[in-house]
Amino acid sequence: MRETFAATVNRALDRDPRTAVVLAVISGGMFRSSARKHPGRVIDLGIREQAMIGVAGGLALTGMRPIVHSYAPFLVERPFEQVKLDLGHQDVGAVLVSLGGSYDASEEGRTHQSPGDVALLDTLPGWTVRVPGHPDEVRDALELDIPGDHRAYLRLSGTSNRAPLPVGPRLHVLRTGSPRSAGVVVAVGPMLDRVLEATADLDVTVAYTSTVRPFDREGLSALVGAAGNADVLVVEPYLRGTSAHEVSEALSDRRHRQLGLGVTRDTELRAYGTPAEHARAHGLDAEGIAKSARDFFLV
Amino acid sequence: MTTAATFSRYADLPALIGFMEGDEKHDGASLSTTDALWVLYDRVLDVTPETAEDPARDRFLLSKGHGPTAFYAVLAAKGFLDVPTLRGWTSFGSPLGHHPDRVLVPGAEIGSGSLGHGLPLALGSALGLRAQGIRKADGTEPRVVVLVGDGELDEGSNHEAIAAAARLGADNLTVVVIDNASSQHGWPGGIGRRFEVEGWEAREVNGRDHDALDRAFTRTRDGRPLAVVARVRNGN
């Protein structure tokens with residue numbers, strides 16, 4: 001996904017004079033030739049993440065379209081007040097593109113992991129949040145978000161689904177349950193393939209999205225209306241239950257049950273190893289999701 | 001615009017500030033900026049209410065957003081704000097609060113209040129104007145001026161921008177530091193040194209002397225951003 005991101009942004013730098021890339025060293029090499037071609041439009045501030053967001057806000061105030069990139073903890077958490085004030089409060093936009101997913105940097109440890117990124121951005125109004133599940137979706141998402149003036153967060157991951165799906169505002173249905181089905185499963189971004197595997201023998205509707213904000217409340221409500229039960233399982237690659245309030249709003253007009261799966265909230269996982277091992281520890285491998293789904297849907 | 005004609009001089013600023021009441025806490029800070037703000041808007045900045053949306057305007061960013069009565073008064077004296085607007089300040093429907101919001105205040109380039117945000121925003125603005133090659137009708141490059149306080153310099157975010165600005169050659173950027181010795185632990189060796197070692201030109205002036213401020217604001221064109229340290233004592 002990182003390579004697709006760099007290729008798409010380098011193309012945008014060639015085509016759209018409004019675009020600028022703002023970095024704090026990380027991935028600098030991927031934009032070196034653009035920096036030579038487009039003086040002043042690739043700005044590497046050194047290891048200065050507060051200035052990275054502040055400078056992006058200033059660029060946007062002059063009418064440019066900043067694309068800001070780093071590891072998620074250094075892009076969202078460390079300069080969070082800058083994200084809140086230098087973009088949101090100034091009423092300007094930017095495209096923030098993070099690396100690392102929740103635990104792609106599993107060997108690096110907690111300092112390089114940011115499973116709370118989407119939940120944090122959820123405290124701020126007006127953010128579009130996309131969690132691509134395939135490199136092609138990274139390209140499509142950037143092509144949607146770079147031309148605008150809005151605030152967009154694009155969360156790259158080292159994990160991909162086998163096939164890309166359309167990037168857009170609506171939930172994409174992959175499997176429709178029967179009228180007596182147990183409910184609806186929503187898979188976000190790179191969680192899709194394992195959700196399909198985990199729910200293969202369940203009578204449920206499975207829907208996918210890479211656009212989690214704004215969340216397709218209307219679409220979820222319609223899918224739940226057509227299902228046998230108003231029971232919704234959301235599987236997200238970041239902090240467990242991050243979208244619980246969206247599901248709650250979407251279904252506020254009906255009695256329903258919901259469960260969110262994601263990165264564990266109650267303890268800090270102090271372990272290295274592989275992303276797959278972290279997924280297992282959080283119950284986010286196919287086996288863990290299958291068990292949670294059976295328990296939740298009472299089958 | 002009859003009110004603007006009535007309240008358009010430096011001598012009118014105390015009366016304009018007087019229209020805003022209940023700001024005792026920030027009074028000293030507010031007064032410390034009055035002269036620098038006046039000189040900037042009266043003699044230095046190429047921006048008027050008519051050119052407030054012009055991409056090639058000079059930009060003034062008030063980073064030290066607390067104590068904004070002098071800023072609002074200068075904006076009113078220069079016609080960006082209607083004088084009667086000052087009277088309702090900090091009320092629910094007023095565009096004017098204890099910290100300015102750029103979305104609400106005509107003429108305010110940024111919203112500020114939390115310290116340490118204006119300088120990085122100003123650097124980004126300076127780099128954005130340059131990257132786009134924006135020029136005024138006379139061919140000159142617009143400048144970006146940001147006002148910070150010496151206490152505000154405690155915030156580390158400023159130092160990220162101070163270090164980056166000169167390395168990136170942003171000589172269209174000027175920082176005015178209002179030095180009323182309010183920094184908790186002080187700046188041994190002087191504030192100007194912090195900028196100089198990072199490749200800025202630093203000038204120190206009496207923050208009440210209009211001619212000296214005017215001269216100090218003359219921009220550099222040698223790749224170095226400019227820091228003007230304006231020394232003031234509170235309350236005089």
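These questions and replies cover how two chains meet, a sheet in chain B and the two domains of chain A.

Me: What kind of model is this, and how are its parts numbered?
Reply: This is a predicted model: local features need pLDDT of at least 70, side-chain atom pairs count only at pLDDT 80 or more, and totals for chains, interfaces and linings use all residues. Residues are numbered from 1 along each chain as its sequence is written, while chains are lettered from A and ligands numbered from 1 in the order in which they are written.

Me: What makes residues of chain B count as in contact with chain A?
Reply: Their C-beta atoms, placed from the backbone, must lie within 7 Å of each other. By that rule 23 residues of chain B are in contact with 25 residues of chain A. Helix H6 (118–131) and helix H7 (156–167) of chain B each give two or more residues to this side. Helices here are DSSP runs (H or I, at least four residues) and strands are too (E, at least two), numbered from the N terminus. The largest share, eleven residues, comes from H6(B).

Me: Why is H3(A) called oblique to H6(B)?
Reply: Helix H3 (residues 49–61) of chain A and H6(B) pack at an angle of about 50°, with their axes 6 Å apart. Angles under 35 degrees count as roughly parallel, over 145 as roughly antiparallel, 65 to 115 as roughly perpendicular and the rest as oblique. The pair is therefore oblique. Axes are lines fitted to C-alpha atoms, for helices over the stretch in contact, and angles run from 0 to 180 degrees between N-to-C directions.

Me: Which strands of the chain B sheet stand at the edges?
Reply: Five strands form an open sheet in the order E1-E2-E3-E5-E4 (chain B), with parallel pairing. Strand E1 (59–62) and strand E4 (201–206) of chain B each have a single partner strand, so one side of each is left without a neighbour in the sheet.

Me: How do you know that E2(B) and E3(B) pair?
Reply: Two strands pair if DSSP finds at least two bridges between them. Six bridges join strand E2 (residues 144–149) to strand E3 (residues 173–179) of chain B. Leu147(B) stands opposite Val176(B) in E3(B).

Me: What makes up the domains of chain A?
Reply: Domain bounds come from an automatic or database domain assignment. For chain A it gives domain 1 (2–155) and domain 2 (172–296). Their C-alpha centres lie 27 Å apart. The contact takes 23 residues from domain 1 and 20 residues from domain 2 of chain A.

Notes. Contact = placed C-beta atoms within 7 Å.
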